[in-house]
2 protein chains.
Amino acid sequence: MKISELSRTTGVPVASIKYFRREGLLPAGRATAATLAEYGDEHVQRLRLIKALTTTGGLSIAAARDVLTAVDRSDSTDGTLKAISYALPVPVTQSPGADAEEETEAATAARADVAGLIAAMDWQVPDTSPHVQGLAVALQELRRLDADYRPERLVAYAELARSIARLDLERAAALEDSPSLAEQAVVVLALSGPMLELLRRLAQEDQVRRRTTFEDDDTPA
Amino acid sequence: MKISELSRTTGVPVASIKYFRREGLLPAGRATAATLAEYGDEHVQRLRLIKALTTTGGLSIAAARDVLTAVDRSDSTDGTLKAISYALPVPVTQSPGADAEEETEAATAARADVAGLIAAMDWQVPDTSPHVQGLAVALQELRRLDADYRPERLVAYAELARSIARLDLERAAALEDSPSLAEQAVVVLALSGPMLELLRRLAQEDQVRRRTTFEDDDTPA
DNA sequence: CAGTGCTAGATAGTGACAGTATCTGGCGGG
DNA sequence: CCCGCCAGATACTGTCACTATCTAGCACTG
């Protein structure tokens with residue numbers, strides 16, 4: 001099909017399709033002439049995936065490109081999962097303009113907290129992992145806000161996180177022999193987060209409601 | 001203290017402090033003269049909170065303002081929790097330029113899935129809740145990508161989400177009599193998500209590693 | 001075989017967002 | 001009394017994700 005048809009079937013404007021190609025998220029069509037190219041189902045599928053990653057998944061164009069590059073390079077199941085896991089952006093990052101002196105001390109303490117947690121959970125992750133860094137930053141932030149960051153609490157959350165990860169991996173493993181394994185794995189790894197966040201918020205809402213004396217119910221803003 | 005001192009103790013540039021004031025995230029200082037105002041600890045605290053919400057929490061300035069407004073208006077514990085819950089942005093939103101005809105059908109199916117889940121979980125939430133809408137959009141997306149969205153799976157995730165929400169609310173409830181209840185509640189509700197996401201990613205990483213044949217380990221890109 | 005319509009690829013423009021910088025008076029205090 | 005900092009307003013900057021325009025050049029229709 002030609003680009004205008006691709007645009008019509010996916011609902012993505014032609015200009016955007018061209019943009020995604022420029023940015024390397026979408027492979028070029030098979031050129032049939034100097035000014036004409038043929039697109040196929042794989043382009044339709046890819047556009048869907050791009051849309052899902054950027055809107056629902058909340059990824060930036062650059063992050064989505066990295067993830068999709070990992071998808072395209074993938075060979076083995078395990079390698080794919082690992083590559084995708086590292087290609088996904090870390091939600092919490094060290095701000096480059098951090099303070100100098102005493103902050104380092106708080107950062108050290110936070111890193112120690114993280115290391116303790118990882119040991120307690122018997123997690124096998126290198127402490128160079130961006131997720132470890134991110135968690136340290138987040139804990140440091142929480143600590144500075146005098147929030148409750150005690151090890152017992154953390155472990156409780158971590159146990160639940162482990163259960164969720166198990167569900168995720170189970171879903172991914174079920175795809176072992178799927179031809180589109182990498183695509184599906186991306187969906188599982190990248191879109192579980194937002195879905196879970198929604199479920200958590202829903203559960204929070206339910207529990208807040210149950211605690212509430214139902215004054216002005218059912219009229220959320 | 002004056003603005004330059006506030007800037008120094010928090011590490012936030014003077015121009016940014018003024019910006020946050022303009023945008024209504026930070027209350028004005030107590031004016032001592034036409035060209036001078038006095039700032040206190042509450043401003044220091046507020047700036048910390050702003051930083052946490054926007055960086056770690058990933059909120060936009062506008063979203064942070066909404067949340068902080070809810071914090072400032074808060075009276076009762078329950079009212080505060082509810083207000084904050086609704087002030088937090090929903091991670092997945094219906095894109096306004098959605099397709100017309102058949103998409104409605106898929107949207108209906110997705111909404112039915114969500115309704116079924118909520119019934120199965122016995123969650124008391126109005127279906128006008130933005131979280132319900134968001135979940136419907138997310139499920140619709142997953143369905144379109146041929147992902148595994150079967151009820152059993154969803155319920156499994158939902159059960160875990162419930163456990164997490166319980167932990168969250170427990171933390172918030174522990175603050176009942178805290179003078180800065182609203183602030184702490186915000187921290188709990190807004191920063192649990194990113195923290196949990198990090199923990200989940202860590203757990204994922206661990207499990208991927210355990211499944212892997214440790215070829216080129218410990219060298220993550 | 002001429003004309004219309006679509007195409008690729010390049011380049012430029014847009015609007016939102018999150019600041020950052022500058023400017024204008026006007027005090028404050030050593 | 002005058003140098004330096006302040007408040008408030010306005011203007012500017014850089015990034016992001018598109019969106020629009022421009023320049024050619026075929027392709028298919030009549």
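# Two chains on two DNA strands

Student: How do the residues of the surface near DNA strand C divide by class?

Tutor: Near DNA strand C there are 12 nonpolar residues, seven polar ones and two charged ones. Keep in mind that this is a predicted model.

Student: Which residues come nearest to DNA strand C?

Tutor: A:Ser4, A:Thr35, A:Ala37, B:Ala33 and B:Ser60, out of 21 residues around that strand.

Student: And which helices and strands supply at least two residues of the surface near DNA strand C?

Tutor: From chain A, helix H1 (3–10) and strand E2 (36–38). From chain B, helix H2 (14–22) and helix H4 (61–73). H2(B) gives the most to the surface near DNA strand C, with three residues.

Student: Now the other strand. How many residues surround DNA strand D, and which are the closest?

Tutor: DNA strand D is surrounded by 21 residues, and the closest are A:Ala33, A:Ser60, B:Ile3, B:Ser4 and B:Ala37.

Student: Which elements of each chain supply at least two residues there, near DNA strand D?

Tutor: Helix H2 (14–22) and helix H4 (61–73) of chain A do, and so do helix H1 (3–10) and strand E2 (36–38) of chain B. H2(A) has the largest share, three residues. By class, the surface near DNA strand D has 12 nonpolar, seven polar and two charged residues.

Student: E2(B) again. What does E2(B) pair with, and in which sense?

Tutor: Strand E1 (residues 30–33) of chain B pairs with E2(B) in the antiparallel sense, over three bridges. E1(B) and E2(B) make a hairpin with two residues between them.

Student: Which residue stands opposite B:Ala37?

Tutor: B:Ala31 stands opposite B:Ala37. B:Ala37 is also one of the residues closest to DNA strand D.

Student: Switching to the protein contact. How many residues does the contact take from each chain?

Tutor: It takes 77 residues from chain A and 77 residues from chain B. On the side of chain B that touches chain A, helix H3 (41–56), helix H5 (77–87), helix H7 (130–144), helix H8 (151–173) and helix H9 (181–211) each supply at least two residues.

Student: Which of them gives the most to that side of chain B?

Tutor: H9(B), with 23 residues. The side of chain B that touches chain A has 38 nonpolar, 18 polar and 21 charged residues.

Student: What turn and shift lay chain B on chain A?

Tutor: A turn of 180 degrees with a shift of 0.0 Å along the axis, giving an RMSD of 0.0 Å. That is the relation of a two-fold axis. B:Leu160 has the C-alpha nearest the axis in chain B, 3.3 Å from it. Both copies use the same surface, since 100% of the contact residues of chain B recur in chain A.

Student: What about the single chain? How many helices and strands does chain A have?

Tutor: Chain A has nine helices and two strands. Along the sequence the pattern is α-α-β-β-α-α-α-α-α-α-α.

Student: What radius of gyration does chain A have, against that of a compact globule of 221 residues?

Tutor: Chain A has 22 Å, whereas a compact globule of 221 residues would be near 17 Å. The C-alpha trace of chain A spans about 65 × 50 × 40 Å along its principal axes.

Student: Last one: what does UniProt annotate over residues 1–70 of chain A?

Tutor: The unreviewed UniProt entry gives "domain: HTH merR-type" for residues 1–70 of chain A. That stretch of chain A is 61% helix and 10% strand, with its end C-alpha atoms 27 Å apart.

Conventions
Residues are numbered from 1 along each chain as its sequence is written. Chains are lettered from A and ligands numbered from 1 in the order in which they are written. This is a predicted model: local features need pLDDT of at least 70, side-chain atom pairs count only at pLDDT 80 or more; totals for chains, interfaces and linings use all residues. UniProt positions are given in the numbering used here, feature names are shortened, and annotations may be inferred rather than shown by experiment. Helices (H or I, at least four residues) and strands (E, at least two) are DSSP runs, numbered from the N terminus. A residue is near a molecule or strand if its C-beta atom, placed from the backbone, lies within 6 Å of it. Ala, Val, Leu, Ile, Met, Phe, Trp, Tyr, Cys and Pro count as nonpolar, Asp, Glu, Lys and Arg as charged, and the others, Gly among them, as polar. Two residues are in contact if their C-beta atoms, placed from the backbone, lie within 7 Å. Copies are superposed by least squares on the C-alpha atoms of residues with pLDDT of at least 70 in both. Two strands pair if DSSP finds at least two bridges between them. The radius of gyration is taken over C-alpha atoms; the globule rule is 2.2 Å times the number of residues to the power 0.38.
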